[in-house]
Every structure is written in C-alpha cells, then in structure tokens.
Amino acid sequence: MTMLNVTIIILQMLLHTPVETPKIADFSFSITPGEETRVIVRPRISSANPAIISIPQRKRKCFFTTERKLRYYRTYTQRNCILECEANFTQQLCDCVQNYMPKSSKTPICSKRDEQCAKHARRAMEVKLYDEDLTSPLNITEVPSCNCWPGCSEINYRIELSQNKLLPTFQTNKRFMKKDMNYFTENMAVVHLFFVDSQFTKYVKSELFGFIEFLSSTGGLLGLFMGFSFLSFMEILYFSTMRLWCRLYNRRELPRPNVLQAHPLDDHKKIVYPFTN
C-alpha cells in the first residue's frame with residue numbers, strides 16, 4: 001500500500017500601516033501557488049483640520065490622537081482600538097487572549113481548551129460592533145461598547161487583484177528554479193505590487209458650515225431674492241425701534257394746546273357787525 005504525503009500551503013497577504021497589528025484571519029487575501037497575482041495599491045490619506053476639535057465628538061465621528069488613548073498601542077487607529085477592546089473582553093470572559101491579540105506580560109494565551117470560549121467572545125464582539133442595539137444571541141449579557149470611531153488622521157490602502165495561471169513562457173531568474181519549469185509554474189506564487197498613481201488625493205475633514213459661512217450664505221440669498229442688504233437690515237431695525245420710540249417720546253413732550261371756552265351772548269344785547277350800513 002502506497003502512502004501519499006500531501007502538503008497544502010496557503011499563502012496570505014495583508015497591506016496595513018506600520019502602527020497597526022495585522023489581523024491576517026480577517027483582512028488578508030489569498031495568494032495561490034501556480035498563479036501570477038497583480039496587486040494594485042491605492043493609498044487613502046485622511047486628515048482633519050485642527051479647528052474641528054471644538055466640535056463635539058458625536059458630531060464629527062472621529063478621534064484625534066490626543067483625545068483617545070489606548071493601553072497597548074502608542075498610536076490610535078480604529079483597528080487598534082477594536083483589537084484592544086476584543087482582547088480585553090476575551091480576557092474578562094475566558095481569562096486568556098488569542099495569540100494575535102495584544103496583552104500584558106502576565107496574561108496567558110488561550111489554549112485548545114479555551115478555543116470555544118474565545119470563539120464565543122469574538123462572535124459577540126463582532127455582533128456588537130455591527131449593531132450596538134442588537135441583543136447578543138450568545139447568552140452573553142454584558143458586551144462592552146468599544147467606542148472605536150475612526151481616527152481623524154489615518155492612512156488606509158485599497159487594493160485591486162487580478163490573477164492568472166503561470167505559463168511556461170514566464171521569464172524568471174534561474175536561481176529561483178529548483179527543478180524544471182513545470183515544477184515552478186505549479187508550485188511557485190508570483191506577486192506584483194503596483195502603485196498606479198504617482199500622486200495621491202488627501203481628504204481633509206473640516207467644518208462645512210460655520211458661523212461666518214452661515215452669515216455670508218444667508219446674506220447672499222436674501223440679497224439675491226429680496227434685494228436685502230445690511231443697510232436694509234439697519235433701516236428695519238431703526239424704524240422698528242428707535243424711530244418708534246422717538247415718535248412716542250416727542251408726542252409725550254409736546255405742549256398741550258389751550259382750550260378756549262365760548263359763552264353764548266345775551267339775547268337782549270345787540271350784535272354790532274363792522275363794515276355794515
């Protein structure tokens with residue numbers, strides 16, 4: 001009886017910023033042996049105007065680095081925050097953490113017997129992250145709210161993949177070829193990384209309508225549709241307040257006219273009209 005020893009190799013790749021812990025199981029993509037993979041990388045750079053720090057966090061939906069501190073990471077990012085929150089919840093529930101999670105020197109790593117508990121903790125955290133109002137179906141009553149909004153300044157990478165089979169006509173250095181070309185095309189994986197754009201667009205978060213923008217927009221609309229101006233506003237204010245008050249005050253200060261009483265003449269007296277015959 002012939003025994004066959006089959007080895008399956010799974011290659012995975014993940015593009016991430018240096019300040020983030022790579023979570024290969026969730027965010028990576030597969031590299032298949034015997035295929036040529038082309039990866040087009042497009043960075044996405046986002047930052048924020050420092051002036052929006054005065055806006056409440058629930059309105060701007062992002063954290064500055066000085067506003068949100070993490071225990072295991074020096075730099076705040078949304079993925080670091082989620083992974084740290086998941087590690088704290090797993091440690092609280094199972095008294096251990098997964099091998100890819102951040103931890104202190106005294107925290108043990110979950111073994112095979114803790115795998116089921118760690119899986120329940122992970123599923124409960126994922127349900128909580130997608131819908132905070134949804135009750136956990138895993139009989140876990142207290143799932144913490146991570147409060148992990150995106151960072152106001154972050155760098156992310158978007159990728160586009162295309163794959164095709166390695167052909168015998170593929171040109172490569174002979175030092176990478178252990179046997180023949182057929183073995184190379186069936187067992188080797190070739191990856192090409194491309195930055196298509198030499199310049200990248202930077203997205204800046206800023207206040208859309210401040211007080212000055214609101215005032216100028218309102219004045220422009222009123223001037224366009226009503227012929228309204230600042231001088232017209234002052235005239236309306238003057239005629240509705242100062243002018244009215246002045247008229248009432250002047251009417252109160254005017255001297256009252258003398259009233260003359262006319263008495264009827266006696267009947268027996270003769271009225272003499274001048275210039276009469």
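**Entry 1: order of elements**

I read the order of elements from the N terminus on as β-α-β-β-α-α-α-β-α-β-β-α-α, in a predicted model. The count comes to 7 helices and 6 strands, where helices (H or I, at least four residues) and strands (E, at least two) are DSSP runs, numbered from the N terminus. I number residues from 1 along each chain as its sequence is written, and I note that local features need pLDDT of at least 70, that side-chain atom pairs count only at pLDDT 80 or more, and that totals for chains, interfaces and linings use all residues. Side-chain values use heavy atoms, with hydrogens and water left out.

**Entry 2: confidence**

I looked up pLDDT, the predictor's confidence in each residue, from 0 to 100, and found that the protein averages 77, with 78% of the residues scoring at least 70. Among the elements, helix 3 (residues 78-94) has the highest mean, 89, and helix 6 (residues 211-226) the lowest, 71. Over residues 134-139 the pLDDT stays under 50, and the model has 7 contacts beyond four places in sequence for this stretch, a contact meaning heavy atoms within 4.5 Å. Where pLDDT is low, the predicted coordinates should not be read in detail.

**Entry 3: whole-chain totals**

I find that 23% of the 277 residues count as buried, taking buried as under 20% relative accessible area, exposed as over 50% and partly exposed as in between (1.4 Å probe, protein chains only). The protein exposes about 22300 Å², of which carbon and sulfur atoms supply 56%; these areas come from the Shrake-Rupley method with a 1.4 Å probe, and for residues only the protein chains shown count as cover. Of the contacts between residues at least 6 apart in sequence, 63% join residues at least 24 apart.

**Entry 4: strand 3 and its partners**

I followed strand 3 (residues 35-48) through its pairings, two strands being paired if DSSP finds at least two bridges between them. Strand 3 runs antiparallel to strand 4, with 12 bridges joining the two, and I noted S46 opposite E154 of strand 4. With strand 5 (residues 190-195), strand 3 pairs in the parallel sense over 6 bridges, and here V39 stands opposite L193. Strand 6 (residues 202-205) is also parallel to strand 3, joined by 4 bridges, and S46 stands opposite Y203 there. In a regular strand the side chains alternate between the two faces of the sheet.

**Entry 5: salt bridges**

I searched the whole structure and obtained 6 salt bridges, each defined as a side-chain nitrogen of Lys or Arg within 4 Å of a carboxyl oxygen of Asp or Glu. K165 and E35 meet in one of them, at 3.9 Å from N to O. That pair links distant parts of the chain, with K165 in strand 4 (residues 154-165) and E35 in strand 3, 130 residues apart. K165 counts as exposed at 56% relative accessibility, whereas E35 is buried at 13%.

R38 forms a salt bridge with E36, the closest N and O atoms being 3.3 Å apart; R38 is partly exposed at 32%, and E36 is buried at 9%. For R60 and E67 I read an N to O distance of 2.5 Å, with R60 buried at 12% relative accessibility and E67 partly exposed at 25%. I also recorded a network of salt bridges that links R42, E160 and D197.

**Entry 6: a nonpolar surface patch**

I listed F211, I212 and L215 as a nonpolar patch on the surface, with about 390 Å² of accessible area together. Such patches are made of residues with over 30% relative accessible area and no salt bridge, like charges being joined within 9 Å and nonpolar side chains (Val, Leu, Ile, Met, Phe, Trp, Tyr) within 5 Å. I212 lies in helix 6 and is exposed, at 65% relative accessible area. I keep in mind that helix 6 has the lowest mean pLDDT among the elements.

**Entry 7: positive phi outside glycine**

I asked where K61, with its positive phi, is placed, and found it in the loop between helix 2 (57-60) and helix 3. The phi of K61 is about 60° although K61 is not a glycine, and this residue counts as partly exposed at 43% relative accessibility. N147 likewise has a positive phi, about 55°, without being a glycine; N147 sits in the loop between helix 4 (115-130) and strand 4 and is partly exposed at 34%.
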